[in-house]
Amino acid sequence: MKVLLAGSNGQLGRCFQDRLPFGWQILATDSTELDITDLAQVTATVSAFKPNAIVNSAAYTAVDKAESEVAVAERINAVGPANLASVATQHGIRLVHVSTDYVFDGNTNTPYTEESVTNPLSVYGITKLVGERAVSAAAPDAIIVRTAWVFSEYGNNFVKTMLRLGKERDALSIVDDQRGCPTYAGDLAQAIIALLQQNAAGGIYHYAGDKEVSWFEFAQAIFSVAVQKAVLSKAPTLTPITTAQYPTPAHRPAYSTLAGEKVMGLGIALSDWQGALKKTI
Ligand SMILES: NC(=O)c1ccc[n+]([C@@H]2O[C@H](COP(=O)([O-])OP(=O)(O)OC[C@H]3O[C@@H](n4cnc5c(N)ncnc54)[C@H](OP(=O)(O)O)[C@@H]3O)[C@@H](O)[C@H]2O)c1
């Protein structure tokens with residue numbers, strides 16, 4: 001397998017490189033080496049490296065900032081994936097693209113399947129959905145993996161934010177009425193590798209954590225491990241609050257659990273995020 005990786009400095013990009021199977025070749029590119037919004041650059045990179053798979057871990061992931069940077073988010077989350085898909089199709093290359101649980105509106109309490117109706121509430125969610133559709137249109141054979149609440153030892157994520165705030169403050173208020181499944185980026189990378197190894201059929205796949213929680217419950221789990229591992233001497237006092245008490249520029253789904261039956265049917269285990277949290281911390 002010869003893989004061109006876009007967005008190599010992100011959480012997924014870094015975890016993917018760490019888990020590259022023996023014998024696979026990779027050209028790992030960050031945004032300075034390959035800007036996915038630049039079609040000429042994508043074409044030149046693919047023509048020179050001649051991969052048989054492209055993994056797109058590049059994205060605009062600043063959910064709140066996207067509300068005021070619509071054009072930038074749209075270029076990275078929709079135009080970029082469209083560029084990768086059209087070049088992949090021209091060269092007969094498999095594309096793996098990554099999307100989000102925020103394509104859903106959260107007005108349910110049963111897990112979303114790959115066929116569930118989308119209705120994003122935020123600019124980020126809209127641009128990611130436009131990206132998914134552009135990828136499916138230009139590369140029907142592409143694998144689109146929707147994931148959620150990603151954390152890892154790399155980059156910016158909720159786990160790192162909690163650990164930082166836990167050192168700075170004695171008390172924290174955390175939203176308790178948004179529920180979803182944390183996902184360890186390393187497990188997501190393994191799942192993508194497995195889908196490529198199996199030459200899985202093109203289409204959408206949901207991949208996330210194996211246990212649903214609220215952000216408040218996720219924070220409780222983080223601080224419990226942090227104290228156990230002596231990363232923090234004591235946990236801050238946590239108070240559950242509502243979304244209305246913590247207004248943000250972007251609206252987020254109140255419920256975004258992704259059903260994992262499709263990937264599990266391929267023998268791919270969901271992310272054991274509680275186990276991964278211990279290792280990450
Ligand atoms: N993080 C989450 O909680 C979450 C939740 C659901 C779904 N997802 C999806 O999962 C995927 C991976 O997310 P992640 O958390 O690993 O993201 P991340 O850590 O924010 O990394 C994204 C990477 O994309 C790069 N990038 C931005 N614009 C680019 C461009 N024009 N060309 C090439 N690279 C560019 C960034 O590089 P620079 O830093 O140089 O800009 C960054 O390294 C994304 O598709 C995301 O939408 C994430």
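So, how do the residues of the shell around the ligand divide into nonpolar, polar and charged? Here we go: 11 are nonpolar, 11 are polar and 3 are charged. Just keep in mind that this is a predicted model.

Okay, let's look at who is in that shell. The ligand has 25 residues around it, and the closest are Ser31, Asp35, Thr61, Tyr124 and Lys128.

Now for some polar contacts. Take Asp35: a polar atom of its side chain sits 2.8 Å from a ligand nitrogen. With Gly10, the backbone does the job, as a polar atom there is 3.1 Å from an oxygen of the ligand. Val150 uses its backbone too, with an N or O atom 3.0 Å from a ligand oxygen. And how much of the ligand gets covered? On its own the ligand would expose 900 Å², and the protein buries 79% of that.

Which elements give two or more residues to the shell? Those are α1 (11–18), β4 (94–100) and α4 (123–138). The largest share, 3 residues, comes from β4.

Let's stay with α4 for a minute. This helix has 16 residues, and at 1.5 Å a residue they should span 22 Å; the end C-alpha atoms are 22 Å apart, so the two agree. Its buried residues include Tyr124 and Lys128, and you'll remember both names from the residues closest to the ligand. Others on the buried list are Val123, Gly125, Leu129 and Val135, among them. And what do the buried residues of α4 pack against? They pack against α3 (70–91), β4, β5 (143–147) and β10 (203–206). So β4 comes up twice: as a packing partner of α4, and as a contributor to the ligand shell.

How values were computed
Residues are numbered from 1 along each chain as its sequence is written. This is a predicted model: local features need pLDDT of at least 70, side-chain atom pairs count only at pLDDT 80 or more; totals for chains, interfaces and linings use all residues. Side-chain values use heavy atoms; hydrogens and water are left out. A residue is near a molecule or strand if one of its heavy atoms lies within 4 Å of it. A polar contact is a pair of N or O atoms within 3.5 Å; within protein, one must be able to donate a hydrogen and the other to accept it, and residues adjacent in sequence count only if both atoms are side-chain atoms. Accessible areas come from the Shrake-Rupley method with a 1.4 Å probe; for residues, only the protein chains shown count as cover. Helices (H or I, at least four residues) and strands (E, at least two) are DSSP runs, numbered from the N terminus. Ala, Val, Leu, Ile, Met, Phe, Trp, Tyr, Cys and Pro count as nonpolar, Asp, Glu, Lys and Arg as charged, and the others, Gly among them, as polar. The expected span of a helix is 1.5 Å times one less than its number of residues. Buried means under 20% relative accessible area, exposed over 50%, partly exposed in between (1.4 Å probe, protein chains only). Contact means heavy atoms within 4.5 Å.
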